[in-house]
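Reader: I would like a close look at one part of this model, the surroundings of the ligand. Please put that part in the context of the rest of the chain.

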Amino acid sequence: MTISTSHGKLQDLLATMRASASAAGAVGAVGAASTIKPVLKVPLPAMVSNTPFLPLKTSKEVLLHKLMGMVETRFGIYSSQQVEKKLSRIFQHTGMEEVKDWVRLMEGAPSDDSEWLSLVEGLTVHETYFYRDRPLMDMLSKDIFPRMIRNKVRRGQSSIHIWSAGCSSGEEAYNISMLLLQCLLLEGEATLDAAGLIRPHPRWQITVLGTDVSRQILRVARDGVYSDFGMGSFRSMPENDMTYFEACAASPEGLQGGQHYRVKSFIAKYVSFAQHNLLSGKAPQQGSDLILCRNVMIYFEEKTKRLVQDMFHRSIASDATLVLGGTDVLYSPERFQRQQGSGGAWYIKH
Ligand SMILES: C[S@@+](CC[C@H](N)C(=O)[O-])C[C@H]1O[C@@H](n2cnc3c(N)ncnc32)[C@H](O)[C@@H]1O
């Protein structure tokens, strides 16, 4: 369903959002700002005279506060100064009556309505890069994947399904695919051909699913093209692993500066992406062998983190692994067996 407001305003709001987000340097590798011009007309004087006891600014702030509350309930993004600033920027040229109409419509719309998803685009933080938190990524190679592969082999199983939850522009999901293939090779479950491509033995069925609430950032993820510009996607990349990329032209979806590299297809072929809201209550897949959710719940309140972790627990296979970000707390620790690795804690479902 798509809400149509009498002003047809969302495209305009989005244009403003993108402009304000890029002005604040908050959105990473997203496309160019929209050229759609705001068309909202703001009947300010009439509104001021209608609300003599409440200055216009305050009334609008109250509405935005209400909207922020809805954003938190539906997407987990809670009101912080940064988020409130973004919201105020988005609506700075919108009249109060129009904001009021819009908030009312949004209240009645489901969270997967495109208007909601568009608003969330302007409020999310997409910072990510390959080998983010290197000790934790090393722990995947040294501890988590060897254990997973050996257990699968011992049980005669040959499928590995991984979920990167809140994957942003996809670096984490491709990174997982790279590390898993390297481990399969070390465990004798894959071969390395003359061109340097790792080929798992044919019986292995591998999927790495990256999900994010932002449709816009997932376009960058699906492209799999990254730039080395400034503090780009490769800032922590070990030199040797550049062999998993090939130089290419810039993608219209991503950052424009610097040299661009595409993830080679023998890594990318196991990776797919889907839009998913962690607060939807449903996992995008059941029976994951590993869920990795890092630097996502830092934006959530405790009750929201608990709901998301409940969903992880319900959807993960038994004996599967959960990896959270370095600062995340695991609630209900009795449901998992805690492992302490060199890169932090990881959890095995009982
Ligand atoms: C800072 S990035 C983290 C990316 C990656 N996991 C990492 O550690 O580098 C956080 C991502 O979480 C996503 N996100 C925020 N709220 C979400 C929600 N309710 N459901 C799914 N994804 C969400 C954002 O869109 C953003 O791309």
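Author: What follows takes the ligand's surroundings, then one sheet, then the protein as a whole. The model is a predicted one.

Start with the shell around the ligand, which counts 23 residues. Those that come nearest are T124, T128, G166, S168 and N295. Sorted by class, the shell holds 9 nonpolar residues, 9 polar ones and 5 charged ones. Where does the ligand lie with respect to domain 1 and domain 2? Residues for the shell come from both domain 1 (10-121) and domain 2 (134-349), so the ligand lies between them.

Next, the sheet. Three strands make up an open sheet, and their order is β5-β7-β6, with antiparallel pairing. Its edge strands are β5, residues 225-227, and β6, residues 245-248, each of which pairs on one side only. On average, and with direction ignored, neighbouring strands of this sheet are turned by 40 degrees against each other. The pairing of β5 with β7, the strand of residues 260-263, is antiparallel and runs over 3 bridges. In that sheet V225 stands opposite R262, a residue of β7.

Last, the protein as a whole. Its secondary structure amounts to 11 helices and 12 strands. The protein has 350 residues, of which 37% count as buried. Among its contacts with a separation of 6 or more, 74% are between residues 24 or more positions apart.

To return to the part you asked about: the ligand lies between domain 1 and domain 2, and T124, T128, G166, S168 and N295 are the residues of its shell that come nearest.

Key. Residues numbered from 1 in each chain as written. Predicted model: local features only at pLDDT ≥ 70, side-chain atom pairs only at ≥ 80, totals over all residues. Near = placed C-beta within 6 Å. Nonpolar A, V, L, I, M, F, W, Y, C, P; charged D, E, K, R; others polar. Domains from an automatic or database assignment. Pairing = 2+ DSSP bridges. Helix = DSSP H or I, 4+ residues; strand = E, 2+ residues; numbered from the N terminus. Axes fitted to C-alpha atoms, helices over the stretch in contact; angles between N-to-C directions. Buried ≥ 20, exposed ≤ 12 C-beta atoms within 10 Å, placed from the backbone. Contact = placed C-beta atoms within 7 Å.
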